[in-house]
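Colleague: Before accepting the labels attached to this model, I should like to hear the reasoning behind each of them. Please set each value against its criterion.

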Amino acid sequence: MVNVMYEGTVYDVTNASYPFKIPTPVPREALRLANAGDVTVIRQILTAVVMMNHRRLLTAHPWKCVECQKPATTLQLHPMSYLHLETGPMIYDQPGPTCERRQCQDAHNESHHQMVYELAGTRPGEYKPVEKRN
Ligand SMILES: [Zn+2]
(Lines give C-alpha, C1' and ligand atoms only; values in the text may rest on other atoms or scores of the structure.)
Protein backbone atom coordinates (compact mmCIF):
# COMPACT_ATOMS: atom_id res chain seq x y z
CA MET A 1 0.00 0.00 0.00
CA VAL A 2 1.03 3.60 -0.63
CA ASN A 3 -0.23 6.49 1.47
CA VAL A 4 -2.12 9.08 -0.55
CA MET A 5 -2.56 12.40 1.27
CA TYR A 6 -6.22 13.44 1.33
CA GLU A 7 -6.10 17.14 2.12
CA GLY A 8 -8.11 20.32 1.97
CA THR A 9 -10.48 22.30 4.18
CA VAL A 10 -14.14 21.94 5.11
CA TYR A 11 -15.91 25.34 5.37
CA ASP A 12 -19.48 26.05 6.32
CA VAL A 13 -21.80 29.06 6.27
CA THR A 14 -20.75 30.20 9.77
CA ASN A 15 -17.10 30.42 8.62
CA ALA A 16 -16.25 27.39 10.74
CA SER A 17 -13.43 25.54 9.06
CA TYR A 18 -11.55 22.28 9.47
CA PRO A 19 -8.29 21.90 7.58
CA PHE A 20 -7.37 18.25 7.14
CA LYS A 21 -4.44 16.22 5.91
CA ILE A 22 -5.09 12.50 6.26
CA PRO A 23 -2.75 9.81 4.91
CA THR A 24 -4.99 7.15 3.33
CA PRO A 25 -3.61 3.81 2.08
CA VAL A 26 -4.14 2.91 -1.59
CA PRO A 27 -2.89 -0.30 -3.28
CA ARG A 28 0.42 0.34 -5.08
CA GLU A 29 -0.84 -1.38 -8.24
CA ALA A 30 -3.95 0.85 -8.37
CA LEU A 31 -1.74 3.94 -8.11
CA ARG A 32 0.47 2.62 -10.92
CA LEU A 33 -2.57 2.11 -13.19
CA ALA A 34 -3.89 5.59 -12.29
CA ASN A 35 -0.59 7.16 -13.25
CA ALA A 36 -0.60 5.22 -16.51
CA GLY A 37 -3.79 7.14 -17.34
CA ASP A 38 -6.52 4.65 -16.40
CA VAL A 39 -9.45 7.02 -15.76
CA THR A 40 -11.63 4.27 -14.26
CA VAL A 41 -8.98 3.48 -11.67
CA ILE A 42 -8.48 7.20 -10.91
CA ARG A 43 -12.23 7.49 -10.20
CA GLN A 44 -12.15 4.34 -8.04
CA ILE A 45 -9.27 5.71 -5.96
CA LEU A 46 -10.95 9.13 -5.53
CA THR A 47 -14.21 7.47 -4.46
CA ALA A 48 -12.54 5.05 -2.05
CA VAL A 49 -10.39 7.73 -0.39
CA VAL A 50 -13.24 10.23 0.10
CA MET A 51 -15.61 7.55 1.42
CA MET A 52 -13.02 6.30 3.92
CA ASN A 53 -12.77 9.81 5.37
CA HIS A 54 -16.31 11.14 4.94
CA ARG A 55 -17.62 10.32 8.45
CA ARG A 56 -14.52 11.69 10.15
CA LEU A 57 -14.87 15.04 8.34
CA LEU A 58 -18.66 15.16 8.78
CA THR A 59 -18.39 14.63 12.55
CA ALA A 60 -15.41 16.98 13.03
CA HIS A 61 -17.75 19.91 13.74
CA PRO A 62 -21.53 20.58 14.05
CA TRP A 63 -21.59 21.89 10.47
CA LYS A 64 -24.39 24.07 9.15
CA CYS A 65 -25.74 23.73 5.60
CA VAL A 66 -23.91 26.17 3.30
CA GLU A 67 -27.21 27.02 1.60
CA CYS A 68 -29.93 27.17 4.30
CA GLN A 69 -27.99 27.10 7.61
CA LYS A 70 -29.87 24.07 8.96
CA PRO A 71 -27.69 21.37 10.61
CA ALA A 72 -25.70 19.62 7.88
CA THR A 73 -26.24 15.90 7.40
CA THR A 74 -23.75 15.25 4.62
CA LEU A 75 -20.74 16.67 2.79
CA GLN A 76 -20.63 17.43 -0.93
CA LEU A 77 -17.24 16.18 -2.07
CA HIS A 78 -15.14 17.59 -4.90
CA PRO A 79 -11.93 15.55 -4.96
CA MET A 80 -9.24 16.58 -7.43
CA SER A 81 -6.55 14.08 -8.36
CA TYR A 82 -2.90 14.91 -7.84
CA LEU A 83 -2.03 11.22 -7.77
CA HIS A 84 0.83 11.77 -10.23
CA LEU A 85 2.89 14.07 -7.96
CA GLU A 86 6.41 12.74 -7.54
CA THR A 87 6.74 14.54 -4.21
CA GLY A 88 3.81 12.51 -2.88
CA PRO A 89 0.47 11.55 -4.41
CA MET A 90 -2.41 13.59 -3.06
CA ILE A 91 -6.10 14.30 -3.46
CA TYR A 92 -7.27 17.86 -2.83
CA ASP A 93 -10.84 18.50 -1.71
CA GLN A 94 -13.06 21.28 -0.40
CA PRO A 95 -16.02 19.41 1.07
CA GLY A 96 -19.19 21.50 1.43
CA PRO A 97 -21.56 20.66 4.30
CA THR A 98 -25.24 20.52 3.29
CA CYS A 99 -28.52 19.33 4.75
CA GLU A 100 -30.46 16.47 3.16
CA ARG A 101 -32.47 18.72 0.78
CA ARG A 102 -31.71 18.07 -2.87
CA GLN A 103 -32.12 21.81 -3.63
CA CYS A 104 -29.35 22.73 -1.19
CA GLN A 105 -27.04 20.02 -2.53
CA ASP A 106 -27.63 21.05 -6.15
CA ALA A 107 -27.20 24.77 -5.35
CA HIS A 108 -23.91 24.10 -3.56
CA ASN A 109 -22.57 21.89 -6.34
CA GLU A 110 -23.53 24.50 -8.95
CA SER A 111 -21.74 27.32 -7.10
CA HIS A 112 -18.70 25.11 -6.55
CA HIS A 113 -18.52 24.34 -10.27
CA GLN A 114 -18.86 28.04 -11.12
CA MET A 115 -15.89 28.77 -8.84
CA VAL A 116 -13.81 26.07 -10.54
CA TYR A 117 -14.72 27.40 -14.01
CA GLU A 118 -13.78 30.91 -12.93
CA LEU A 119 -10.44 29.72 -11.56
CA ALA A 120 -9.83 27.91 -14.84
CA GLY A 121 -10.89 31.00 -16.83
CA THR A 122 -13.63 29.14 -18.67
CA ARG A 123 -17.36 28.54 -18.55
CA PRO A 124 -19.23 25.29 -19.13
CA GLY A 125 -19.00 24.47 -22.84
CA GLU A 126 -16.13 26.92 -23.35
CA TYR A 127 -13.31 24.62 -22.39
CA LYS A 128 -10.47 24.88 -24.87
CA PRO A 129 -7.80 22.20 -24.79
CA VAL A 130 -4.25 23.46 -24.56
CA GLU A 131 -2.57 23.41 -27.97
CA LYS A 132 0.17 20.88 -28.35
CA ARG A 133 3.48 22.30 -29.46
CA ASN A 134 6.17 20.16 -30.97
ZN1 LIG B 1 -29.87 23.12 3.37
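**Reasoning behind the labels**

Modeller: Let us start with N15, which is placed in the loop between β1 and β2. The model is a predicted one.

Colleague: What makes N15 count as exposed?

Modeller: A residue is exposed if 12 or fewer other C-beta atoms lie within 10 Å of its own. N15 has 6 such neighbours inside 10 Å, so N15 counts as exposed. N15 also has a positive phi of about 70 degrees although it is not a glycine.

Colleague: Q69 has a positive phi of about 70 degrees as well, although it is not a glycine. Where does Q69 lie, and why is Q69 called partly exposed?

Modeller: Q69 is in the loop between α2 and β3 (74-76). Exposed residues have 12 or fewer neighbours and buried ones 20 or more, with partly exposed in between. Q69 has 13 C-beta neighbours inside 10 Å and therefore counts as partly exposed.

Colleague: Why is R32 called exposed?

Modeller: R32 is found in helix α1. The limit for exposed is 12 or fewer; R32 has 12 C-beta neighbours inside 10 Å and therefore counts as exposed. The C-alpha atoms of R32 and V49 are separated by 16 Å, the two residues being 17 apart along the chain.

Colleague: What makes α1 oblique to α2?

Modeller: The axes of α1 (residues 28-35) and α2 cross at roughly 130 degrees and come within 7 Å. Angles over 145 degrees count as roughly antiparallel and those from 65 to 115 as roughly perpendicular, while angles under 35 count as roughly parallel and the rest as oblique. The crossing angle of roughly 130 degrees therefore makes α1 oblique to α2. The contact involves A30, L33 and A34 of α1 with V41, I42 and I45 of α2, and the crossing is left-handed.

Colleague: How do you know that β4 and β5 pair, and in which sense?

Modeller: Pairing requires at least two bridges between two strands. β4 and β5 (residues 90-93) have three bridges, in the antiparallel sense, so they satisfy the criterion of at least two. M80 stands opposite Y92 in β5.

Colleague: How many bridges join β1 and β5?

Modeller: β1 and β5 pair over four bridges, in the parallel sense. Y92 in β5 is the bridge partner of E7.

Colleague: Which strands stand at the edges of the sheet, and why is one side of each left without a neighbour?

Modeller: The sheet is open, with four strands in the order β2-β1-β5-β4 and mixed pairing. β2 (17-26) and β4 (80-82) stand at the edges; each has a single partner strand, so one side of each has no neighbour in the sheet. On average, neighbouring strands are turned by 20 degrees against each other, direction ignored. Helix α2 (residues 39-58) packs on this sheet, touching β1 (2-11), β2, β4 and β5.

Colleague: Which residues make up the largest nonpolar core?

Modeller: This core has 11 residues in all, among them V4, V26, A34, I42, I45 and I91. β1, α2 and β5 are the elements that give two or more residues to it, and α2 gives the most, with four. A34 touches V41, I42, I45 and L83, not counting residues up to four places away in sequence. A second, separate core of six residues includes W63, C65, V66 and C104.

Definitions and conventions. Residues numbered from 1 in each chain as written. Predicted model: local features only at pLDDT ≥ 70, side-chain atom pairs only at ≥ 80, totals over all residues. Axes fitted to C-alpha atoms, helices over the stretch in contact; angles between N-to-C directions. Contact = placed C-beta atoms within 7 Å. Core = buried A, V, L, I, M, F, W, Y, C linked by C-beta atoms within 7 Å. Left-handed = near helix turned anticlockwise from the far one by under 90°.
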